[in-house]
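The following exercises train the reading of a protein model, one step at a time. Please work through each task before turning to its solution.

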Amino acid sequence: MSSKAARRGKFEGVFDVIRDELVDHCKKEGLPTEALEWYRANLDYNTPGGKLNRGLSVIDTAEILKGRPLTEEEYLKAAVLGWSVELLQAYFLVADDIMDSSITRRSQPCWYLSPAPAVTAPSSEGASVTSSTHKHPAVGMVAINDSFMLNSAIYHLLRTHFRSHPRYIDIVDLFHDITYKTEMGQLVDLVTAPEGVVDLARFSLERHRVIVTYKTAYYSFHLPVALAMLMCNIPETYSVQLPQSTTTLKPYDLALSILIPLGEYFQVQDDFLDFSATPEVLGKIGTDIVDNKCSWCVNTVMGLCTPEQRLVLDRNYGRKGDLEAGAEGADTEQKAHGQDGEAGGLCEKRVKELYEAVGLRKVYAEYEAGVYKRLNELIDSIPEEGVIVDEHGQKAEHQGMKREVFRSFLEKIYGRSK
């Protein structure tokens with residue numbers, strides 16, 4: 001087993017403990033058997049199964065900040081925080097799939113479309129029987145409440161495992177703040193590209209920046225690192241004493257200044273790969289053009305294209321089929337005759353050809369080189385030499401911020417192909 005697989009396996013082992021703890025809590029609250037079985041199925045279906053990068057990042061960051069492997073007690077606490085991030089992700093995805101009328105998630109039906117769990121229900125005679133899936137063909141809108149329970153599970157775990165921690169309130173407050181920010185990003189995304197409305201005038205690179213910052217960067221990049229910092233009791237400010245000077249740092253502001261641009265870069269990468277990578281490499285067929293996404297690609301191309309090319313965008317972007325908007329039969333035509341690997345037929349093909357014509361690949365390469373350089377400069381600005389002292393001038397118990405925290409993120413995503 002590789003070290004990466006071993007890390008994931010150990011982390012997944014903690015999920016079993018956490019899931020049982022959550023279900024047991026509901027049992028103590030007096031919930032009936034069928035509700036307990038449903039909740040367990042909800043947790044199992046929606047929480048593990050993804051890449052788990054966010055959750056594992058909490059553990060990795062805590063180990064870097066500690067400068068040593070975590071003790072078993074420390075590992076459990078870091079894993080609880082990591083799985084809390086994954087529960088937050090699950091909450092967002094279950095709700096997002098309903099809002100977007102999505103069909104699949106992680107190569108299986110979205111939770112709201114999946115077969116309802118077979119649960120034990122009391123019969124009229126008092127004996128327990130297993131409910132028929134014929135009566136409950138899909139989870140349906142129960143998934144809305146299920147998403148709420150995934151979110152609320154976070155705060156039960158935090159209360160159980162961190163109530164005595166000196167930064168408990170800060171951890172809870174961070175989850176509330178990041179959740180609110182992510183919901184803001186979802187709102188901006190939804191009103192920018194409402195279902196059934198294709199209007200590129202609503203799009204801009206600034207709108208894209210707001211969406212990716214609030215919808216992705218805060219909870220995917222900032223949250224795992226900030227949680228590890230709080231767990232390691234990194235203070236709001238500390239000083240680094242050098243022979244000739246003293247520098248005062250605000251580590252949380254410093255982390256934010258690096259992680260938000262890093263998260264934006266990650267999403268720009270995703271947008272570009274959706275257009276440029278083959279399905280064999282990407283692992284899926286890109287659909288951003290067909291789905292009318294406020295993508296970095298279309299926003300960048302709108303700033304580069306001629307009026308004639310912009311007309312091609314307006315007539316073909318967000319369309320599934322072969323007929324341009326305004327063409328006879330275009331309002332009802334949905335069949336796509338494009339090549340394999342294209343989700344939207346000739347309309348999508350025309351948009352991709354336009355992307356190539358304006359040199360989007362070169363623009364992206366220049367963007368990636370520039371952002372990589374800027375992020376490395378920000379990371380290099382973190383002082384690692386000198387003596388770390390607290391507000392009273394005494395040597396601090398913590399080891400301060402480490403460049404490796406951020407460099408490990410950057411090197412994982414720089415130049416990725418999927």
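Contact, as used throughout these exercises, means heavy atoms within 4.5 Å. The structure is a predicted model, in which local features need pLDDT of at least 70, side-chain atom pairs count only at pLDDT 80 or more, and totals for chains, interfaces and linings use all residues. Residues are numbered from 1 along each chain as its sequence is written, and side-chain values use heavy atoms, with hydrogens and water left out.

**Exercise 1. The surroundings of Val 301**

Task: State where Val 301 is found, whether Val 301 counts as buried or exposed, and which residues Val 301 touches.

Solution.
Step 1. Val 301 belongs to helix H10, which covers residues 296-302. Helices (H or I, at least four residues) and strands (E, at least two) are DSSP runs, numbered from the N terminus.
Step 2. Buried means under 20% relative accessible area, exposed over 50%, and partly exposed in between, with a 1.4 Å probe and protein chains only. Val 301 has 0% relative accessibility and therefore counts as buried.
Step 3. If residues up to four places away in sequence are not counted, Val 301 touches Leu 313, Leu 354, Tyr 355, Val 358 and Leu 360.
Step 4. Val 301 and Ala 357 are 56 residues apart in sequence, and their C-alpha atoms are 9.8 Å apart in space.

**Exercise 2. The largest nonpolar core**

Task: Find which residues of the largest nonpolar core touch the most other members, and which helix gives the largest share of this core.

Solution.
Step 1. A nonpolar core is a set of buried Ala, Val, Leu, Ile, Met, Phe, Trp, Tyr and Cys residues joined through side-chain atoms within 4.5 Å.
Step 2. The largest such core has 114 residues, and those touching the most other members are Leu 158, Phe 175, Leu 313 and Tyr 355.
Step 3. Helix H4 (residues 72-100) supplies the largest share of this core, with 14 residues.
Step 4. Leaving aside neighbours within four places in sequence, the contacts of Phe 175 include Leu 81, Val 85, Leu 88 and Leu 158.

**Exercise 3. Two residues of one helix**

Task: Decide for Thr 179 and for Leu 187 whether each is buried or exposed.

Solution.
Step 1. Thr 179 lies in helix H6, and Leu 187 is likewise placed in helix H6.
Step 2. Thr 179 has a relative accessible area of 6%, so it is buried. Its contacts, apart from neighbours within four places in sequence, are Leu 88, Tyr 91, Phe 92, Asn 151 and Tyr 155.
Step 3. Leu 187 has a relative accessible area of 52%, so it is exposed.
Step 4. Together with Met 99, Leu 190 and Val 191, Leu 187 forms a nonpolar patch on the surface, with about 330 Å² of accessible area in total. Patches are made of residues with over 30% relative accessible area and no salt bridge: like charges are joined within 9 Å, nonpolar side chains (Val, Leu, Ile, Met, Phe, Trp, Tyr) within 5 Å. Accessible areas come from the Shrake-Rupley method with a 1.4 Å probe; for residues, only the protein chains shown count as cover.
Step 5. Helix H6 (residues 168-192) gives the largest share of the patch, three residues.

**Exercise 4. A strand pair**

Task: Describe how strands E5 and E6 pair, and name the bridge partner of Tyr 238 in E6.

Solution.
Step 1. Two strands pair if DSSP finds at least two bridges between them.
Step 2. E5 (residues 238-241) and E6 (residues 246-249) pair in the antiparallel sense over four bridges, and a hairpin of four residues joins E5 to E6.
Step 3. Tyr 238 lies in E5, and its bridge partner in E6 is Leu 249.
Step 4. With 2% relative accessibility, Tyr 238 counts as buried.

**Exercise 5. Salt bridges**

Task: Locate the partners of the salt bridge between Lys 412 and Asp 60, then those of the one between Glu 353 and Lys 349.

Solution.
Step 1. A salt bridge is a side-chain nitrogen of Lys or Arg within 4 Å of a carboxyl oxygen of Asp or Glu. By this rule the count is 26 salt bridges.
Step 2. In the bridge between Lys 412 and Asp 60, the closest N and O atoms are 3.7 Å apart. Lys 412 lies in helix H14 (residues 403-413) and Asp 60 in helix H3 (residues 53-66), so the pair ties together parts that are 352 residues apart in sequence.
Step 3. Between Glu 353 and Lys 349, the closest N and O atoms are 2.7 Å apart. Both residues lie in helix H12 (residues 345-357), four residues apart, about one turn of the helix.
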